[in-house]
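Trainee: Can we walk through a model together? I would like to practise reading helices and strands.
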Amino acid sequence: MKRIFCVCLAFAVVLSLSGCQSTSSNNGKSRAITLKISTPPIGLGDIPGVGESEVSDMLALAAERFSAQYTACDVRFEISRYNYMDEKAQLLDKIGTQDATDIFFAGSWNTSAWADKGWLVPLDDIIDEALRSDISSTFWNQNTYEGHVYVLPYHQLQNTLAVNRAMMEQAGLDAFIPEPDTIAHWSTEDFNTVFAGLKASIADESTYVFMMYALTSQGDSHIMTLLQAMGGSLYDEEGNFAVNTPEGIAALAWLKSLDDQGYVPKDAENIEFADVIDLFGNGQLAICMSNLTNLWDYRDQGLDVFPVNFPSMDGRGYAVATTNGFCVFDNGDAEKIQVAKEFIRYIYSDEELMKYTLGTLPVNHSVMEEYGDKIWMLNAYRENSENLTTIVRLDNLNWQGVRDAFYLNIQDLLRGTKTPAQVAASIDETCNTALEQGRPH
């Protein structure tokens, strides 16, 4: 058996030590408890043996399976699915009311701010050594605030870049194409060579080499990743933006040079992330952001693509990982909190429920090992985990404020209204101001 089932055995011990207080008979169980679960429409991709699914589908199955085997309470579930733009009304405004959510499947950048406000409970007590060792420290660190885990990561999106193979071959760049079913690793200088070769081979004025956009904050984390192309880091040791360095300025100058050389779409400051995705899907862009789910989609569309990491000086490159997972809100009911935790922990012990991570990318080593030879590119992304980097730090309590400031600086860069050095200074000033506004005073 794989390690996921070892985790299951450890969970049985956790269950035996906890449960609801018996107050009345209900089909042989103690009193009924209803847990409210909220989630936005987070897609989980094409699940083997299931088909296209969302988180709400997985949660419905999890609720059914958990209730059927749970003996400490007659536990019932209410699962609500709301649109992203309705998060405040459907989630935050209900805190402290009878309609408050107990469990949230987190697709939000703002969970650290919620933890800081005391709205969430730590989940450390349901993380045994078997589960902790089954998930990369990168993901634990990403979901830890002030020493406590507040989001139990369930699945990840490992963002790389996708490259149109036919356009590479047409440009005579076969030497940069990796072996089948693997991820390419190019240095920043390699990218420059590839960009020049692709540009020389493209005759159509509506076709471009590389993605670039700055109309909105969407996709900003990918531009932030590119700012590490010259060896710099986004942050200093205190967690403040530190782009105003020789390496950061050089990266901004490099991005501007891509615009000046016509490698990126014209007037990129006036287009958004979705636009370049469309260009790539239409064969009008050679290199664009991607993850494993996107690769499957492109293959289904008939596009022959391969992944490459974001550029780095050493040639290993960066893959940016973000995770979605489970939070428990503190609604003042200790018994409901305990059952909510046990429900979440149960999910990681159930093989059928963990299969729902296979439509995107699992965070559990055991799941990736179990299915790595059965799912295209899964092993490649598992092996690429050593090159993971993160953009969002959990101690950033005003990430939306950062996003609202960052893309405006990239607009200034692309328009040429500020030099790379001026933009670097402005990124640090405006983004750090946003971070400071979110910190406790």
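Mentor: Start with a definition: the expected span of a helix is 1.5 Å times one less than its number of residues. Keep in mind that this is a predicted model.

Trainee: What span should helix α2 (residues 55-69) have?
Mentor: Helix α2 has 15 residues. Each step counts for 1.5 Å. The end C-alpha atoms are 21 Å apart, which agrees with the expected span of 21 Å.

Trainee: Why do the buried residues of α2 line one face of the helix?
Mentor: The buried residues include Val 55, Met 58, Leu 59, Ala 62 and Phe 66. An α-helix has 3.6 residues a turn, so residues three or four places apart point the same way. Seen down the axis of α2, the buried residues line one face because they fall within an arc of 150°.

Trainee: Which residues are exposed on the other side of α2?
Mentor: Exposed means over 50% relative accessible area. On the other side of α2, the exposed residues are Glu 64 and Ala 68.

Trainee: How many residues of strand β8 (residues 152-164) are buried?
Mentor: Buried means under 20% relative accessible area. Strand β8 is largely enclosed by the rest of the structure. Of its 13 residues, the number buried is twelve.

Trainee: How many bridges join β8 to strand β12 (residues 319-328)?
Mentor: The two strands run antiparallel. Pro 153 stands opposite Gly 325 in β12. The number of bridges joining β8 and β12 is seven.

Trainee: Which residue in strand β10 stands opposite Leu 161?
Mentor: Strands β8 and β10 (residues 285-290) pair in the antiparallel sense, over four bridges. Opposite Leu 161, in β10, stands Met 289.

Trainee: And which residue in strand β11 stands opposite Ala 162?
Mentor: β8 also pairs with β11 (residues 305-308) over four bridges, in the antiparallel sense. Opposite Ala 162, in β11, stands Pro 307.

Trainee: Which residue caps the N-terminal end of helix α13?
Mentor: Helix α13 covers residues 334-347, and eleven of its 14 residues are buried. Glu 335 is one of the buried residues. A side-chain oxygen lies 3.1 Å from the backbone nitrogen of Glu 335, and the capping residue that carries this oxygen is Asp 333.

Trainee: How many disulfides are there?
Mentor: A disulfide is a covalent bond between the sulfur atoms of two cysteines. Cys 327 counts as buried, at 0% relative accessibility. Cys 431 also counts as buried, at 0%. The rule needs a pair of cysteine sulfur atoms within 2.5 Å. By this rule, the count of disulfides is zero.

Methods. Residues are numbered from 1 along each chain as its sequence is written. This is a predicted model: local features need pLDDT of at least 70, side-chain atom pairs count only at pLDDT 80 or more; totals for chains, interfaces and linings use all residues. Side-chain values use heavy atoms; hydrogens and water are left out. Buried means under 20% relative accessible area, exposed over 50%, partly exposed in between (1.4 Å probe, protein chains only). The arc is that of the directions from the helix axis to the C-beta atoms. Two strands pair if DSSP finds at least two bridges between them. A polar contact is a pair of N or O atoms within 3.5 Å; within protein, one must be able to donate a hydrogen and the other to accept it, and residues adjacent in sequence count only if both atoms are side-chain atoms.
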